[in-house]
Amino acid sequence: MNTLIFDTDDKLGEAAANILSGLVQTKPRAVLGLATGGTPVGIYNQVVSDFKRGMFSFREVTTFNLDEYVGLPVDHPESYHSYMRHHLFDHIDLPAAQAYLPDGNASDIAAECRRYDELIDRAGQIDLQLLGLGHNGHIGFNEPAHALIRGTHVVELAEETLQANARYFQSLDEVPKQALTMGVGTILKAKMIVLVVKGADKAAIVQSALQGPITTDCPASLLQTHPHLIVLLDRAAAEKLGGTSP
Ligand code: F6R
């Protein structure tokens, strides 16, 4: 595990974007695993500005998003389809047919989960998986549980997750209660994982995830087993880490 700690959001976003942009430059056919939420916004802004400077092209890249709400129309402003268009896809030359998200409106959810896993398998290994971290240790929407599921599946969102995501909706009641998420097995199969976490409110869970026991009660702790994990933190998120050098 390689942990880097940054003084400003801009520097953190720049470092994450450099990893992502650098990969696309050196491997034009890269397969990227992408995240949504508040954390990656600055990263995508930076990637878009690198792209606009003509540094590389996404024409041959394939992307797979971690998750999508169940039952939220794709054109709802808070769907992850909309998020990705708004923050990244509308500003780069990635062909729409190579940008995959799970379909939370599929009539047969089990078949959709199988289809998504097959698409990922067919693309080969994910070269770089970008991850944020939930306050309860979730990655993707793999919530704490007795057992974690390997592939794409439907999940009941935890109360903490509903509360955290309520900031994007008019009220807590409007937050979809279920989501489709890539499984932890798929996430761990990525060649490289870049975990990005910001804010003092995540300091305790960062410490548990990176230095605590490996347990399904904290899904992110399984990342400790990954051979190529890069962790990018701001000072506030890193404040409870002992013995980890920047
Ligand atoms: C988003 C995702 C989630 C978020 C996590 C942190 O696609 O899979 O695991 O990364 O909930 O969200 P933010 O960045 O909003 O704190």
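Leaving aside its neighbours within four places in sequence, Ala123 is in contact with Val31 and Phe64. That makes Ala123 a handy place to start a walk through this predicted model. Ala123 sits in the loop between helix H4 (109-122) and strand E6. Is Ala123 buried, partly exposed or exposed? Its relative accessible area is 31%, so Ala123 counts as partly exposed. As for Pro73, 50 residues separate it from Ala123 in sequence, and the two C-alpha atoms are 26 Å apart in space.

**The parallel sheet**

Phe64, one of the contacts of Ala123, also turns up in a sheet. Phe64 lies in E3, where it is the bridge partner of Gly33. Strand E3 (residues 62-65) and E2 pair in the parallel sense, with 4 bridges between them. Both strands belong to an open sheet of 7 strands with parallel pairing, and the order across it is E1-E10-E9-E6-E2-E3-E5. Why is one side of E1 and of E5 left without a neighbour in the sheet? Strand E1 (2-6) and strand E5 (99-100) stand at the edges, and each has a single partner strand, so one side of each stays unpaired in the sheet.

Helix H1 packs on this sheet and touches E1, E2, E6, E9 and E10. The direction of H1 makes about 155° with that of E10.

**The nonpolar cores**

In general, nonpolar side chains in soluble globular proteins tend to be buried together. Here, the largest nonpolar core has 45 residues, and the members touching the most other members are Leu32, Phe58, Leu88 and Leu232. Several elements each supply at least two residues to this core: helices H1 (9-26), H2 (41-52) and H3 (80-87), along with strands E2 (31-34), E6 (128-131), E9 (192-197) and E10 (229-234). Which element gives the largest share of the core? It is H1, with 7 residues.

Take Leu88 for a closer look. Not counting residues up to four places away in sequence, Leu88 touches Leu34, Tyr44, Val47, Val48 and Tyr83. There is also a second, separate core of 33 residues, with Leu66, Ile120, Ile205 and Val231 among its members.

**A buried aspartate**

Now for a polar side chain. Asp50 is found in helix H2. At 2% relative accessibility, Asp50 counts as buried, because the cut-off for buried is under 20%. What does the side chain of Asp50 make a polar contact with? The partner is the side chain of Ser21, at 3.0 Å. Apart from neighbours within four places in sequence, the residues in contact with Asp50 are Ala17, Asn18, Ser21, Met55 and Phe56.

**The antiparallel sheet**

A further open sheet has 3 strands in the order E4-E8-E7, and its pairing is antiparallel. Its edge strands are E4 (67-69) and E7 (153-156), each pairing on one side only. On average, neighbouring strands of this sheet are turned by 30° against each other, direction ignored. E4 is joined to strand E8 (residues 178-181) by 3 bridges, and here Asp67 stands opposite Thr181 in E8. On the other side, 4 bridges join E7 to E8, and Glu156 stands opposite Gln178 in E8.

His153 is found in strand E7. With 11% relative accessibility, His153 counts as buried. A polar atom of the His153 side chain lies 2.8 Å from the backbone oxygen of Gly151. Residues up to four places away in sequence aside, His153 touches Cys113, Asn142, Ala179, Leu180, Thr181, Met182 and Gly183. Thr181, then, is both a contact of His153 and the residue opposite Asp67.

**Around the ligand**

Asp67 comes up again at the ligand. How many residues surround the ligand? There are 15, and the closest are Gly38, Thr39, Asp67, His138 and Gly140. The table gives some distances from an oxygen atom of the ligand to polar atoms of the protein.

| Residue | Protein atom | Distance to a ligand oxygen atom |
|---|---|---|
| Gly38 | polar backbone atom | 2.7 Å |
| Thr39 | N or O atom in the side chain | 2.4 Å |
| His138 | N or O atom in the side chain | 2.7 Å |

For Gly38 the atom in question belongs to the backbone, whereas for Thr39 it belongs to the side chain, and for His138 it is a side-chain atom too.

Definitions and conventions: Residues numbered from 1 in each chain as written. Predicted model: local features only at pLDDT ≥ 70, side-chain atom pairs only at ≥ 80, totals over all residues. Heavy atoms only, no water. Pairing = 2+ DSSP bridges. Axes fitted to C-alpha atoms, helices over the stretch in contact; angles between N-to-C directions. Core = buried A, V, L, I, M, F, W, Y, C linked by side-chain atoms within 4.5 Å. Buried < 20%, exposed > 50% of the residue type's maximum accessible area, 1.4 Å probe, protein only. Contact = heavy atoms within 4.5 Å. Near = heavy atom within 4 Å. Polar contact = N/O pair within 3.5 Å; in protein donor to acceptor, adjacent residues only side chain to side chain.
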